[in-house]
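Grab a pencil and get ready to read a protein model step by step. Try each task yourself before you look at the solution.

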Amino acid sequence: IHVGTNDIFLPNKTVEHVKAALAEEKSDAPFEINVFQDAVHGFAVHGDISDAKEKENKEAPANATLR
């Protein structure tokens, strides 16, 4: 999961609840939650690549997914 700290649809408090719920599961399925500072909902798709921070936030999820 890639989420920004300014995501209006998945607030930071909810992200913490999601982390806790996933950690409690007795599943062997791995999960990863990456939180991107100051990123808004849709940042990985709609980021402004002329802004260095938005470009970094846009590229990081793709790179994390590929590794």
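Below are five exercises, each with a worked solution.

Before you start, note that this is a predicted model, where local features need pLDDT of at least 70, side-chain atom pairs count only at pLDDT 80 or more, and totals for chains, interfaces and linings use all residues. Residues are numbered from 1 along each chain as its sequence is written, and side-chain values use heavy atoms, with hydrogens and water left out.

**Exercise 1: The overall layout**

Work out how many helices and strands the chain has, and in what pattern they follow each other.

*Solution.*
Step 1: Find the elements. Helices (H or I, at least four residues) and strands (E, at least two) are DSSP runs, numbered from the N terminus. The chain has 3 helices and 2 strands.
Step 2: Walk along the sequence, and you get the pattern β-α-β-α-α.
Step 3: Look at the dimensions. Along the principal axes, the C-alpha atoms fill a box of roughly 45 × 25 × 15 Å.
Step 4: Check the record. UniProt lists residues 1–60 for "domain: Dienelactone hydrolase" in an unreviewed entry; its positions are given in the numbering used here, feature names are shortened, and annotations may be inferred rather than shown by experiment. Over that stretch, residues 1–60, the chain is 43% helix and 20% strand, with the end C-alpha atoms 12 Å apart.

**Exercise 2: How confident is the predictor?**

Find which element has the lowest mean pLDDT and which has the highest.

*Solution.*
Step 1: Recall the scale: pLDDT is the predictor's confidence in each residue, from 0 to 100.
Step 2: Take the whole chain. Its mean pLDDT is 86, and 99% of the residues reach 70 or more.
Step 3: Go element by element. Helix H2 (residues 43–46) comes out lowest with a mean of 79, and S1 comes out highest with 91.
Step 4: Keep a rule of thumb in mind: where pLDDT is low, don't read the predicted coordinates in detail.

**Exercise 3: A pair of rings**

Decide how the rings of Phe36 and Phe43 are arranged.

*Solution.*
Step 1: Know the rule. Rings of Phe, Tyr and Trp (its six-membered ring) pair if their centres lie within 6.5 Å; planes under 30 degrees apart are stacked, over 60 edge-to-face, and the rest tilted.
Step 2: Count. This rule gives 1 aromatic pair.
Step 3: Apply it. The ring centres of Phe36 and Phe43 are 5.2 Å apart and the planes sit at 50 degrees, so the pair is tilted.
Step 4: Are these two residues buried or exposed? Buried means under 20% relative accessible area, exposed over 50%, and partly exposed in between (1.4 Å probe, protein chains only). Both Phe36 and Phe43 are buried, and Phe36 has a relative accessibility of 11%.
Step 5: See who else is around Phe36, which lies in strand S2. A contact means heavy atoms within 4.5 Å. Skipping residues up to four places away in sequence, Phe36 touches residues including His2, Thr5, Phe43 and Pro61. His2 is 34 residues away from Phe36 in sequence, yet their C-alpha atoms are 7.4 Å apart.

**Exercise 4: Neighbours in strand S2**

Compare where Gln37 and Asp38 sit, and find what joins their side chains.

*Solution.*
Step 1: Place them. Gln37 is in strand S2 (residues 34–40), and so is Asp38.
Step 2: Check exposure. Gln37 is partly exposed at 47%, and Asp38 is partly exposed at 48%.
Step 3: Look between them. A polar contact of 3.4 Å joins the two side chains, Gln37 to Asp38. (That term covers N or O atoms within 3.5 Å; within protein, one must be able to donate a hydrogen and the other to accept it, and residues adjacent in sequence count only if both atoms are side-chain atoms.)
Step 4: Check the backbone. Most residues other than glycine have a negative phi. Asp38 isn't a glycine, but its phi is positive, about 65 degrees.

**Exercise 5: A salt bridge**

Find which side chains meet in a salt bridge.

*Solution.*
Step 1: Use the cut-off: a side-chain nitrogen of Lys or Arg within 4 Å of a carboxyl oxygen of Asp or Glu. The count is 1 salt bridge.
Step 2: Name the partners. They are Lys19 and Glu16, at 3.6 Å from N to O.
Step 3: Place them. Both lie in helix H1 (residues 12–24), 3 residues apart, about one turn of the helix.
Step 4: Check exposure. Lys19 is partly exposed at 29%, and Glu16 is partly exposed at 47%.
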